[in-house]
Amino acid sequence: MSDTAERNEQAEPAGHGPAEPDRQRDELRRKRRVTALRDARRVLARPGFTATLRERIALLDGADELYDLDEPSDMYGNGVVAALEERTAALLGTEAAAFFPTGTMAQQVALRCWAGRTGNPVVALHGLGHPERHERNAFSRVSGLRPVRLTDAPRPPTADEVRGFEEPFGTLMLELPLREAGYLLPTWEELTDVVEAARERDAVVHFDGARLWECTAHFGRPLAEIAGLADSVYVSFYKSLKGYGGAALAGPRTLVEEAKAWRHRYGGQVFQQFPTALSALAGLERELPRLPSYVAHARVVAAALREGLASAGLPWARVHPGVPHTHEFQVWLPCAPDAAEEAALRQAEETGAMLFSHPWDEGGPGLALTEVSVGEAGLEWTADDVRAAVAGFVARLTA
């Protein structure tokens, strides 16, 4: 499930008074946004969920170069699924990895296993982390864990906050990057200090690395060195790699074997998963090597956006962070979200160029917030293209 879909699912249920018209409006706008994104000739990124079934199936073209298609199909996690697990563990430098149908399940299982090993069910994490924002209190409702928030500030947690936290915890969970704060990452020194602070408290460290794949440019370190700081790591196969879905939990072999037992108990022992596994292998082979170029170009796009917004004379506008840490970042504007949404959709429908394809949310009184992703399609945009598109957007915003 996408993060946007998770937000929609957690909205107030239908039939509860004034929320229903808002839901209907949001659904109409979502359909309009998806149509505009599909029809646009130029976009900064084309997420997989907007493609047709035919386009998604085409992702497996050339799959015989990724895996021997004359081998027997997978059953309950063997075959191509096992091959994906081995490839993932090798990339992350861990002893083993286990494939899961969702990241929510993978992380619940990981943290449940660690709680059993440490004897402490308390998980310290950021208040903006995915489990706190998008998982319906799954840690406590399903796994018997107790999350505690190190901080709610829109930045990564610090080593001092880890050292000074007022109660014991068995596991420290770090989201890399911290999506809700603008896809922020600490510096390498800050990250190693935070991990060391957890070790001083005899806590294990788990990385929520759904988007860990694109962190190498910021840290200037290979994946295995980054993952090697943690005791276990979760990665997603669809967010950055454009797979059909799925996730992996990587770490020590004994932990992974225990996690596979819990995967079965949680209902994740799916009979056959070869389409998803093959799409993940395709992402590792084809998309993973491109991610550093997306990160580099996101910095060009962000700078041009900032220049364009300043030239347009908006009284307050922000690109956050100023230099993106990954290929995704935030844009804040001094207007109502509905106005920004309408201007973005009109620009796409009228010009065929879609600068802002993500939904706009309320960032505060009189502030609109959206996310910008730069993928393969965005590499075609020059800085001049971005500045021109900003001018067209602002003209529609202020008309």
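**Close-up views of a predicted model**

Ser232 is buried, and its relative accessible area is 1%. The legends below describe a predicted model.

**View 1. Ser232 sits in strand S7.** The cut-off for a buried residue is under 20% relative accessible area, so Ser232, at 1%, falls in that class. Its side chain makes a polar contact of 2.7 Å with the side chain of His206. Further along the chain, Ser232 touches Leu249, Ala250 and Leu255. Trp114, Val205, His206 and Phe207 are also touched by Ser232, residues up to four places away in sequence being left out.

**View 2. Strand S7 is covered on both faces.** Of the 5 residues in S7, 5 are buried. One side carries Ser232, Tyr234 and Ser236. Val233 and Val235 lie on the other side. S7 runs parallel to S6, joined by 4 bridges. Phe207 has Val233 as its bridge partner in S7. Towards S8 the sense is antiparallel, again with 4 bridges. There, Tyr234 is partnered by Leu249.

**View 3. Seven strands form an open sheet with mixed pairing.** The order is S2-S8-S7-S6-S5-S3-S4. Strands S2 (96–100) and S4 (146–149) stand at the edges; each has a single partner strand, so one side of each lacks a neighbour in the sheet. On average, neighbouring strands are turned by 20° against each other, direction ignored. Within the sheet, S5 (residues 171–175) and S6 (residues 204–209) pair in the parallel sense over 5 bridges. Thr171 has Val204 as its bridge partner in S6.

**View 4. Helix H5 lies across strands of the seven-stranded sheet.** H5 covers residues 103–118. The strands it lies across are S2, S3 (122–125), S5, S6, S7 (232–236) and S8 (247–251). Against S6, the helix runs at about 180°. Gln107 belongs to H5. Is Gln107 buried or exposed? Its relative accessibility is 2%, so Gln107 counts as buried. A polar contact of 3.3 Å links the side chains of Gln107 and Asp208. Gln107 also touches Met173, His206, Phe207 and Tyr234, with residues up to four places away in sequence not counted.

**View 5. The largest nonpolar core has 52 residues.** Those with the most contacts inside the core are Leu172, Leu191, Phe207, Leu212, Trp213 and Phe237. Helix H9 (residues 188–200) gives the most to this core, with 6 residues. Leu191 touches Leu174, Leu176, Pro186, Phe207, Phe219 and Leu229, not counting residues up to four places away in sequence. Another core, of 30 residues, lies apart from it. Its members include Ala298, Leu309, Cys335 and Leu355. In soluble globular proteins, nonpolar side chains tend to be buried together.

**View 6. Four strands form a second view of sheet pairing, here antiparallel.** This open sheet has the order S9-S10-S13-S12. Strand S9 (318–320) and S12 are its edges; each has a single partner strand, so one side of each is left without a neighbour in the sheet. Neighbouring strands are turned by 35° against each other on average, direction ignored. S9 is joined to S10 (residues 328–333) by 3 bridges, and the two run antiparallel. His320 stands opposite Gln330 in S10.

**View 7. S12 and S13 form a hairpin.** Between the strands are 2 residues. Gly366, in the turn, has a positive phi of about 75°. The strands, S12 (residues 361–364) and S13 (residues 367–373), run antiparallel and are joined by 3 bridges. Asp361 stands opposite Leu369 in S13.

**View 8. Leu66 lies in the loop between helices H3 (53–57) and H4 (80–92).** What separates Leu66 and Ala282 in sequence and in space? They are 216 residues apart in sequence, yet 6.9 Å apart in space, C-alpha to C-alpha. Leu66 touches Leu278, Leu281, Ala282, Glu285 and Arg286, not counting residues up to four places away in sequence.

**View 9. An annotated domain spans residues 79–306.** An unreviewed UniProt entry lists this span as "Aromatic amino acid beta-eliminating lyase/threonine aldolase". The span is 48% helix and 15% strand. Its end C-alpha atoms lie 49 Å apart.

Terms used
Residues numbered from 1 in each chain as written. Predicted model: local features only at pLDDT ≥ 70, side-chain atom pairs only at ≥ 80, totals over all residues. Heavy atoms only, no water. UniProt positions renumbered as here; feature names shortened; annotations may be inferred. Core = buried A, V, L, I, M, F, W, Y, C linked by side-chain atoms within 4.5 Å. Buried < 20%, exposed > 50% of the residue type's maximum accessible area, 1.4 Å probe, protein only. Contact = heavy atoms within 4.5 Å. Pairing = 2+ DSSP bridges. Axes fitted to C-alpha atoms, helices over the stretch in contact; angles between N-to-C directions. Polar contact = N/O pair within 3.5 Å; in protein donor to acceptor, adjacent residues only side chain to side chain.
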